[in-house]
Amino acid sequence: MMFPRLSLCVLALLLITSVAHGGFPPSWYMSAIEKADPNILGYVARFEEDACVITERDLKDAVASVIKRSEVEPRPGRRGEVHLSVSVRCLNVDPTSVFSLAIQFGSKDSDSTVLYVKDYGEIFAATDADTVLQTIKTSVEAAMTDYTLANFDR
């Protein structure tokens, strides 16, 4: 009897999480990621720890390529009022590596950086660089979809 309830609770939690994570962002969020000059987007792409199967150059190139495909000029650094922050952590567990990917928009003033609550990242396992880079690109594409909607399609 306990397992069906547990299964139902897990299913409900997954549905709530997927609804909260997906869907159209609220209007306050879309306003927060609007820019005066949306054709240029600053970005920060970094490793929190050892990145296992990819290099820092691989990460930066992957992020920049997705931004370019969105017809926006990528600029390394926290330029302007809104930027994209991409952070990768890796735990190497032979033969698979587990990755934590955090992708958020943020803004920087003279003293600090604020990252917005919506995170486009995920936690996943991979054994090869191609899978890791494709997962990063897919997550950055989701962020750039919202950026495009906020800045060009309103």
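Biologist: Let's start with strand pairing. Which residue in β4 stands opposite Arg89?

Modeller: Arg89 stands opposite Ser100. Keep in mind as we go that this is a predicted model. That residue pair belongs to a longer ladder, since β3 and β4 pair over 11 bridges, in the antiparallel sense.

Biologist: And what joins β3 to β4?

Modeller: A hairpin, with two residues making the link.

Biologist: In which sense do β1 and β3 pair, parallel or antiparallel?

Modeller: Parallel, over six bridges. If you want a residue to click on, try Ala45, which stands opposite Val86 in β3.

Biologist: How should I read the side chains along a strand?

Modeller: The general idea is that side chains in a regular strand alternate between the two faces of the sheet. For a case to look at, take Ser87, which is part of strand β3.

Biologist: Is Ser87 buried or exposed?

Modeller: Buried, because its relative accessibility is 9%, and the cut-off for buried is under 20%. Setting aside residues up to four places away in sequence, Ser87 touches Arg46, Glu48, Ser100, Leu101 and Ala102. Notice Ser100 in that list; you met Ser100 a moment ago as the residue opposite Arg89.

Biologist: Let me zoom out. How many helices and strands are there?

Modeller: Four helices and six strands. Reading from the N terminus, the order is α-α-β-α-β-β-β-β-β-α. Of the 154 residues in the protein, 36% are buried. And if you look at contacts between residues at least 6 apart in sequence, 67% of them join residues at least 24 apart.

Biologist: Now helix packing. What do I look at?

Modeller: Two packed helices are described by the angle between their axes and the distance between the axes. Here, try α3, residues 56-69, against α4, residues 129-151: the angle is about 35 degrees and the axes are 9 Å apart. The crossing is right-handed.

Biologist: Which residues make the contact?

Modeller: From α3 you have Asp58, Leu59, Ala62, Val63, Ser65, Val66, Ile67 and Arg69. From α4 come Leu133, Ile136, Lys137, Val140, Glu141 and Met144. Sorted by class, that contact has nine nonpolar, one polar and four charged residues.

Biologist: Pick one of those for me. How about Met144?

Modeller: Good pick. Met144 is in helix α4, and it counts as buried because its relative accessible area is 1%. Among the residues Met144 touches, leaving out those up to four places away, are Val66 and Ile67, along with Leu41, Ser70 and Val72. Tyr120 is 24 residues away from Met144 along the chain, with 9.9 Å between their C-alpha atoms.

Biologist: Is α4 exposed or buried at Asp130?

Modeller: Asp130 sits in α4 but counts as exposed, because its relative accessibility is 61%. Its C-alpha lies 8.7 Å from that of Ile54, although the two are 76 residues apart in sequence.

Biologist: Which residues have the most contacts inside the largest nonpolar core?

Modeller: Val63, Leu84, Val86, Phe105, Ile136 and Val140, in a core of 35 residues. Several elements supply at least two residues each, including α2, β1, α3, β3, β4, β6 and α4. The top contributor is α4, with eight residues.

Biologist: What does Phe105 touch?

Modeller: Beyond its neighbours up to four places away, Phe105 touches a long list, including Tyr29, Ile33, Leu41, Leu84, Val114, Tyr120, Ala143 and Tyr147.

Biologist: What about loops? Is Lys35 buried or exposed?

Modeller: Lys35 is in the loop between α2 and β1, and it is buried, because its relative accessible area is 13%. Outside four places in sequence, its contacts are Ile40, Leu41, Glu81, Val82, Tyr147 and Asn151. Lys35 is also 9.6 Å from His83, C-alpha to C-alpha, with their positions 48 residues apart in sequence.

Biologist: One last thing: how do I read backbone phi?

Modeller: Most residues other than glycine have a negative phi. Glu71 has a positive one, near 60 degrees. Glu71 lies in the loop between α3 and β2 and counts as exposed, because its relative accessibility is 70%.

How values were computed
Residues are numbered from 1 along each chain as its sequence is written. This is a predicted model: local features need pLDDT of at least 70, side-chain atom pairs count only at pLDDT 80 or more; totals for chains, interfaces and linings use all residues. Side-chain values use heavy atoms; hydrogens and water are left out. Axes are lines fitted to C-alpha atoms, for helices over the stretch in contact, and angles run from 0 to 180 degrees between N-to-C directions. A crossing is left-handed if the near helix is turned anticlockwise from the far one by less than a right angle, and right-handed if clockwise. Contact means heavy atoms within 4.5 Å. Ala, Val, Leu, Ile, Met, Phe, Trp, Tyr, Cys and Pro count as nonpolar, Asp, Glu, Lys and Arg as charged, and the others, Gly among them, as polar. A nonpolar core is a set of buried Ala, Val, Leu, Ile, Met, Phe, Trp, Tyr and Cys residues joined through side-chain atoms within 4.5 Å. Buried means under 20% relative accessible area, exposed over 50%, partly exposed in between (1.4 Å probe, protein chains only). Two strands pair if DSSP finds at least two bridges between them.
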